Amino acid sequence: RTTTMKPIPTLRVAILFVLLLSVVNAKEKKKDESSSTATRLGGGTAETTATTTDEGAILAIGDSWASLSGNYLANVCGSLTTRPIQNDGKSGSTAKEWAYNRMGVEAIENRRYEYTHVWLSVGGNDYLDNKCDMSIADKVAANVVNVIKQVVDASHGEAAVGEVAFQQDLKILYFGYSIPSRDVCGQGRTATLFAKQGEIIFDAIRNSDYAEYVTTFDISDMFVTAESSPLSDPSYFADAIHLNDVGYTKLFSSYNVLRFFDCSVLQIAQMAQADGQLPVGVLVGSAVAIVSVVVLACFWLKKKR
């Protein structure tokens, strides 16, 4: 007698299984993180109970958004695994300084690890130092692209005389900045001008010869709430422009950031579920994977009969 499989019940079981697994893992994750949060947030050292791996080493470069994050990205995929990180962020630095002084190449030259991922945070100070003057927007964007070029070239073994390069394909992340929590540009222009400056930089990167190495996405409104709109919610900020521990937690546990740093589907599900933002794509993808295994197993058993 031939047995006909019923895919709908199987799919339902798979989805319920994924949901249950996500909830259980999220609870376990919260327990694990309860003892390590104080050392992870706001630039603390990585938790010593975590398993250290040499894979996926991270380089953070740029301004104070990078420097103030400390070693937080070491646990970007969860507190159970610590990734090597070198934070060469310089508070107050500009895209112009990074480009003209080839500071990105210097970071590569003085590397402690063979990096696979780079987070670049530059351009904000150029803009703020010029009182949000949009006439310099294209120059700022060009300098950001120049920094990217220098880092990529150095990673491919192309360095200037006296500089040391290494052979590695890097993945570079640039998401710009969130809208400040106060009207730093004045006259109610901050939200509009910050978003516009970000778009100009994003377009310059995407239209450059180095676009294939860079992942971009917009976080300008990540911390904007109904109550704080059009500015960001001050509860995520240490001051008008810098994130606090809660802000970095939200930023580095967001889906796009986790995906960029090659966190596994399960790790993304754990982090997102714990943060109340489990993406439908992750759930569906997990369900499809499980269903595929179940279907293959059923066909194999059927064939054995």
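## Sheet, helices and Gln150

Start at one residue pair: Ile172 sits opposite Val214, which belongs to strand S7. This is a predicted model, so to speak, of an open sheet and the helices lying over it.

Strand S6 (residues 171-174) and S7 run parallel, and 3 bridges join them. Zooming out, the open sheet has 5 strands, in the order S4-S2-S5-S6-S7, with parallel pairing. Which strands stand at the edges? Those are S4 (85-89) and S7 (214-216), and each has a single partner strand, so one side of each is left without a neighbour in the sheet. On average, neighbouring strands here are turned by 20 degrees against each other, ignoring direction. As general background, strands in a sheet pair through backbone hydrogen bonds, in either a parallel or an antiparallel way.

Now for the helices that lie across the strands:

| Helix | Strands it lies across | Angle |
|---|---|---|
| H7 (residues 137-155) | S2 (58-62), S5 (117-121), S6 and S7 | about 160 degrees to S6 |
| H8 (residues 190-206) | S6 and S7 | about 150 degrees to S7 |

H7 is also home to Gln150. Is that residue buried or exposed? Gln150 has a relative accessible area of 6%, and that makes it buried because the cut-off for buried is under 20%. Its side chain reaches the backbone oxygen of Ala99 at 2.9 Å. Setting aside neighbours within four places in sequence, Gln150 is in contact with Trp98, Ala99, Arg102 and Val105. Ala99 therefore turns up twice for Gln150: as a contact and as the residue whose backbone oxygen the buried side chain reaches.

How values were computed:
Residues are numbered from 1 along each chain as its sequence is written. This is a predicted model: local features need pLDDT of at least 70, side-chain atom pairs count only at pLDDT 80 or more; totals for chains, interfaces and linings use all residues. Side-chain values use heavy atoms; hydrogens and water are left out. Helices (H or I, at least four residues) and strands (E, at least two) are DSSP runs, numbered from the N terminus. Buried means under 20% relative accessible area, exposed over 50%, partly exposed in between (1.4 Å probe, protein chains only). A polar contact is a pair of N or O atoms within 3.5 Å; within protein, one must be able to donate a hydrogen and the other to accept it, and residues adjacent in sequence count only if both atoms are side-chain atoms. Contact means heavy atoms within 4.5 Å. Two strands pair if DSSP finds at least two bridges between them. Axes are lines fitted to C-alpha atoms, for helices over the stretch in contact, and angles run from 0 to 180 degrees between N-to-C directions.
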